[in-house]
Amino acid sequence: MTPRLSDATLDQVPGKVSRPAYDRSTLTPGIVHLGVGGFHRAHQAMYLDRLMEEGHAHDWAIVGIGTMPGDAGMREALKGQDCLYTLVLKHPDGRLEPRVIGSIVDYLFAPDDPEAVLDAMVDPRVRVVSLTITEGGYHVNQVTGRFDPDDPALQADLDSPGRPRSAFGFITEALRRRRAAGTEPFTVMSCDNLPGNGDVARAMIGAFAALQDDRSPEEEPLAPWLTEQVAFPNSMVDRITPVTSRDDITALAEQFGVEDAWPVVCEPFTQWVLQDHFPTGRPAFEQVGAQVVDDVVPYELMKLRLLNASHQALCYLGYLAGYRYVHEVAQDPLFVDFLLGYMEHEGTPTLPEVPGVDLDAYRRELIDRFANPEVRDTLARLCAESSDRIPKWLMPVIRHNLEHGGRIDSSALVVASWARYAEGVDEQGEPIEVVDRFKDKVMAAAARQRQQPLAFLEDEAFFGDLRHDERFTTAYLSALRSLHEKGARATLEDHVSN
């Protein structure tokens, strides 16, 4: 029987699997990471592992934190393996390339022991707190851009700041304790898919701290100190990382002899563009392929409006057309024409110059990445949490093109396809499992649209005043009517031929 991956069994990992050559017992923590999911383990933790393999950054090991109830599964997987896990690159030709990653040295499940989490974050050796807490985890009102404190965990943290439950609560309480101890503040590094993710983190966490200050006027306020003294660098992150399947776990054990409770699978491509703003230091990520720059904005807009928005462009239409995997859609010439048309004529015109990037080649490379049959990324994953994604990734494209007289027909079709998908029934009459934190109101709006065609656009939290723009609504209503009457594929054929 294959032994489970751990420090004790690491020397039993077969030679065809790459594994850490560095001594993990010498590692000390320098980073606390909130939100240890597949992407973090395929990206930031991987870059750090590369550095450690080269003999650097041994004082920058990661302590992972889970704050959500669903993170208990990650606790069981990682703690049972001394926080080792396997990262498997899936090459388009079917080749699998596994590597055991050793850069995470501890994992804390916050509901078990909040004080242990705070102790880790207050530790002077920790100089960076990084985040992959999803787009919705920043609590941004989609219309006003201001902080939305309605989440119950945030409200609980406002009432009891010393016993935090949320990511924001832990960050602010840890910073408060560091200030009181005379310890320099850590840098907060967002790795989520948000435009200006560091700027957003600063604004939202600062607003949360200000509300805490209002609740405790007798204490020294934190918010002014936080916004002035804490660094929040921007970053752009990119690597397609699908949900690990049971087949992935089985393949790793059978083909490579590694028993791993929760490996990660991903595409070979990876990119990380990071603003160089770390007052207390950082690992030398540029030595292992990251781009460290003064201004991340052009790169992040390129990724959000081409890659991320294209994911939304293909997922609803692809699902309605009968596909279930991204590569199936990206290998269909009709969808390729549609995606390239959106990227060239609607997404790209909204971008500033991107230093050192050939955008035509980048667009083509995206199609090749989407078409990788080994990644087996599901359309259902891309369709999830649309109310956090469409407003951040596609709406800026629509607004820019409406303001500048640009093309909006493809974008209107994407919004219409979301509206049709949100009805919860596919073109064969089978139920669609809509996954969205605002599922109830999204589906309720979609249910009204056959009688009230603009019902889906009425929610200003997602669309602002878009329903009053005649040029957009004309294109949107035409697309929605066609989706209802002809179906996704015929609608797409008409769209591409015009």
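These are my notebook entries on pockets, cavities, helices and a few single residues that I looked up in a predicted model.

**Entry 1: the second largest pocket**

I began with the second largest pocket, which holds about 490 Å³ of space. I counted 21 residues in its lining, and those that lie nearest its centre are D409, S410, H495, V496 and N498. I then asked which helices supply at least two residues each to this lining, and found α12 (333-347), α17 (409-421), α20 (470-485) and α21 (488-497). The largest share comes from α12, which gives 6 residues to the lining of this pocket. When I sorted the lining of the second largest pocket by class, I noted 7 nonpolar, 8 polar and 6 charged residues.

**Entry 2: the cavities**

Next I turned to closed spaces, remembering that rolling a probe the size of a water molecule over the atoms shows where empty space is left. How many cavities of 30 Å³ or more does a search of the whole structure find? The search finds 2 of them.

The largest cavity contains about 60 Å³ of space, and I wrote down its lining as I240, H311, V326, H327, R369, F370, N372, V375, R376 and D377. Two elements, α11 (326-330) and α13 (359-370), are the ones that give two or more residues to this lining. By class, the lining of the largest cavity divides into 4 nonpolar, 3 polar and 3 charged residues.

For the second largest cavity I noted about 40 Å³ of space, with a lining made of D192, N193, L194, N197, S235, M236, V237, E300, K303 and L304. Here the elements that give two or more residues are β8 (235-238) and α10. The lining of the second largest cavity has 4 nonpolar, 3 polar and 3 charged residues.

**Entry 3: helix α10**

Since α10 had come up in the lining of the second largest cavity, I looked at this helix by itself. Helix α10 covers residues 297-320, and at 1.5 Å a residue its 24 residues should span 34 Å, which agrees with the 34 Å that I find between its end C-alpha atoms. I also noted a kink of about 25° in α10, centred on L304, and L304 is one of the residues that line the second largest cavity.

Is α10 enclosed by the rest of the structure or open to the outside? I wrote that 23 of its 24 residues are buried, so α10 is largely enclosed by the rest of the structure. Just after this helix, G322 takes a positive phi of about 110°.

**Entry 4: helix α2**

I put the same kind of query to α2, the helix of residues 44-53, and found that 8 of its 10 residues are buried, so α2 is largely enclosed by the rest of the structure. The buried residues that I listed in α2 are Q44, A45, M46, Y47, L48, D49, L51 and M52. After α2 comes G55, whose phi is positive and near 90°.

**Entry 5: two charged residues in loops**

I looked up R127, which lies in the loop between α4 (114-122) and β6 (128-131). R127 has a relative accessibility of 18%, and because the limit for buried is under 20%, R127 counts as buried. Its side chain reaches the backbone oxygen of R125 at 2.9 Å.

I then looked up D436, whose place is in the loop between α17 and α18 (439-448). With 10% relative accessibility, D436 counts as buried. D436 and D388 are 48 residues apart along the chain, and I noted that their C-alpha atoms are separated by 8.4 Å.

**Entry 6: positive phi in residues other than glycine**

Last, I looked at two residues other than glycine in which phi is positive. T134 has a phi near 75° and is found in the loop between β6 and α5 (152-159). Its relative accessible area is 46%, and T134 is therefore partly exposed.

For R376 I noted a phi near 55°, and I placed this residue in the loop between α13 and α14 (379-383). R376 is partly exposed, with a relative accessible area of 42%, and it also appears among the residues that line the largest cavity.

How values were computed
Residues numbered from 1 in each chain as written. Predicted model: local features only at pLDDT ≥ 70, side-chain atom pairs only at ≥ 80, totals over all residues. Heavy atoms only, no water. 1 Å grid on protein atoms, 1.4 Å probe; cavity = no way out; pocket = protein on both sides within 12 Å on 5 of 7 lines; lining within 4 Å. Points joined across faces, edges and corners; volume = space filled by probe spheres on them. Helix = DSSP H or I, 4+ residues; strand = E, 2+ residues; numbered from the N terminus. Nonpolar A, V, L, I, M, F, W, Y, C, P; charged D, E, K, R; others polar. Expected span 1.5 Å × (residues − 1). Bend = angle between axes of the 7 residues up to and from the residue. Buried < 20%, exposed > 50% of the residue type's maximum accessible area, 1.4 Å probe, protein only. Polar contact = N/O pair within 3.5 Å; in protein donor to acceptor, adjacent residues only side chain to side chain.
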